Amino acid sequence: MSDRALTITFVCPPANLSGGVRVIAVYAASLARRGHRVRIVTVPYRQRSLKWKLKDWSRGRFDVRRPEPSHLDELDAQRLDLTEPSQLTAARVGDADVLVTTLWTTAVHAARLPAACGRQVHFVQHDERVVTPMLAEQVAEAWRLPGPRLVVSPWLAEVAHEEFEHNDVELCPNGVDLELFHPLDTQTSRTQTVGMMYSRAAFKGADIAIDAVRRHRAAIGASDGLRLITFGHETPGDAHADVIDAFEHRPAQARIAELYRSCDAWLYPSRCEGFGLPVLEAMASGTPVIGTDAGVGREAIEPGGGWRVDVDDPGAMAEAMNALTTLDDAAWRDRRRQARATAEGYAWPALCDRFESALRRVADSRSSVTGGAA
């Protein structure tokens, strides 16, 4: 396998502060530091209708995109933010060795690009048919496209292999920043607090965690029950106000690490996840997880000192919280050590090595087809 510098283009959805975009940013930054030429091209989800274009143009608004803050903002890489999917052309994208599509929409839009733009590889962080079932057939169109897949979890590898009969599939799990997310040596006492990332998306299962906290407090008495703190991009509704003790809207990454550390355990009620970064982030912070086997939960929660519960089972999650309150301090500290030790197996540097090797393999396969052309 060649060790030459590669030109790598990432085709991304509109940039934001989501976990999926953060993963792309980590890989792009790592590849750039290793001497590769990295480009980021962001593409809107859909084409605007002529009616809306004319309306905007009549108001003198020729570029209606308003970039959000995102994890891509500080990257040392060339970046191009397109305003229409139709602008994704060979002339704008340029030549590359590898072109990485990062969402089903980007895979579909990029499928029309010529081979000179790079050997295409679809980096799959979720099966979006779960997230947007009304678009399941369009998502399946992206799954059916030919070419290699890099997937973040064994579940997604199974989808690729078994449902869509792809053979060129490589597992590249997400990682965690062990320097940002870490326990404090001075943290020796319990806080009687659990935390959760709040989302209104049904597959995230916030309703299950809220129900579980209510059951837990009813079982042991509200005054002795665990506090619940949350953070997220969406503000909780009034229906959950009686359960959530504190909420922070879009906290900075350093603050998120503090929130993890402030909890005795982290709740992960997801019904389905491509990966589930909060599991590793909480464990790296020394906080065991009470959660389902969605995404990385299957492999990490119980080795990480946590409690794994069935999907859609608030009773089991409540029982795990009850068990948490009965642990003595020595047992709790042991679970914290297990959580950190498990997270250390997902350190970003080693996983970036793995991702880079996968892209080199894709580039080498392109060279063998094109007779060595770059």
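**Exercise 1. Strand 4 and its partners**

Strand 4 and strand 5 (residues 119-124) run parallel and are joined by 4 bridges. The model is a predicted one: local features need pLDDT of at least 70, side-chain atom pairs count only at pLDDT 80 or more, and totals for chains, interfaces and linings use all residues. Residues are numbered from 1 along each chain as its sequence is written, and side-chain values use heavy atoms, with hydrogens and water left out.

Task: place strand 4 among its neighbours, then sort its side chains by direction.

Solution.
- Step 1. Fix the terms. Strands (E, at least two residues) and helices (H or I, at least four) are DSSP runs, numbered from the N terminus. Two strands pair if DSSP finds at least two bridges between them.
- Step 2. Take strand 5. Val 98 has Arg 119 in strand 5 as its bridge partner. From strand 4 the chain passes through helix 4 (residues 104-110) to strand 5, a right-handed β-α-β crossover. Right-handed means that, with the strands pointing away from the viewer, the path from the first strand over the helix to the second runs clockwise.
- Step 3. Take strand 1 (residues 7-12). Strand 1 pairs with strand 4 in the parallel sense, over 4 bridges. Here Val 11 has Thr 101 in strand 4 as its bridge partner.
- Step 4. Sort the side chains. In a regular strand they alternate between the two faces of the sheet. In strand 4 (residues 98-101), Val 98 and Val 100 point one way, Leu 99 and Thr 101 the other. All are buried, meaning under 20% relative accessible area; exposed is over 50% and partly exposed lies in between (1.4 Å probe, protein chains only).

**Exercise 2. Helix 1 and what follows**

Task: compare the span of helix 1 with the expected one, and list its buried residues.

Solution.
- Step 1. Helix 1 has 15 residues. The expected span of a helix is 1.5 Å times one less than its number of residues.
- Step 2. From first C-alpha to last, helix 1 reaches 21 Å, close to the 21 Å expected.
- Step 3. The buried residues are Val 21, Arg 22, Val 23, Ile 24, Ala 25, Tyr 27, Ala 28, Ser 30 and Leu 31.
- Step 4. After helix 1 comes Gly 35, with a positive phi near 95°.

**Exercise 3. Salt bridges**

Task: describe three salt bridges by distance, and say how exposed each partner is.

Solution.
- Step 1. Side chains of opposite charge can pair when their charged atoms come close. The criterion is a side-chain nitrogen of Lys or Arg within 4 Å of a carboxyl oxygen of Asp or Glu. The whole structure holds 23 salt bridges.
- Step 2. Arg 34 bridges to Glu 356, with the closest N and O atoms 2.7 Å apart. This pair links distant parts of the chain, 322 residues apart: Arg 34 lies in the loop between helix 1 (19-33) and strand 2 (37-42), Glu 356 in helix 13 (residues 348-370). Arg 34 is partly exposed at 32%; Glu 356 is buried at 13%.
- Step 3. Extend the pair. Arg 34, Asp 353, Glu 356 and Arg 360 are linked in a network of salt bridges.
- Step 4. Arg 79 bridges to Asp 81, the closest N and O atoms being 3.1 Å apart. Arg 79 is partly exposed at 30%, and Asp 81 is partly exposed at 36%.
- Step 5. Asp 329 and Arg 190 meet at 3.3 Å, N to O. They are 139 residues apart: Asp 329 is in helix 12 (residues 329-343), Arg 190 in the loop between strand 7 (169-171) and strand 8 (193-197). Asp 329 is partly exposed at 39%, while Arg 190 is buried at 17%.

**Exercise 4. A loop threonine**

Task: is Thr 287 buried or exposed, and which residues does Thr 287 touch?

Solution.
- Step 1. Locate the residue. Thr 287 sits in the loop between helix 9 (277-284) and strand 12 (289-291).
- Step 2. Thr 287 is buried, because its relative accessibility is 1%.
- Step 3. List the contacts (heavy atoms within 4.5 Å). Not counting residues up to four places away in sequence, Thr 287 touches Tyr 260, Arg 261, Cys 263, Asp 264, Ala 265, Trp 266, Ala 282 and Ala 339.
- Step 4. Add the side-chain reach. The side chain of Thr 287 comes to 2.7 Å from the backbone oxygen of Tyr 260.

Key: A polar contact is a pair of N or O atoms within 3.5 Å; within protein, one must be able to donate a hydrogen and the other to accept it, and residues adjacent in sequence count only if both atoms are side-chain atoms.
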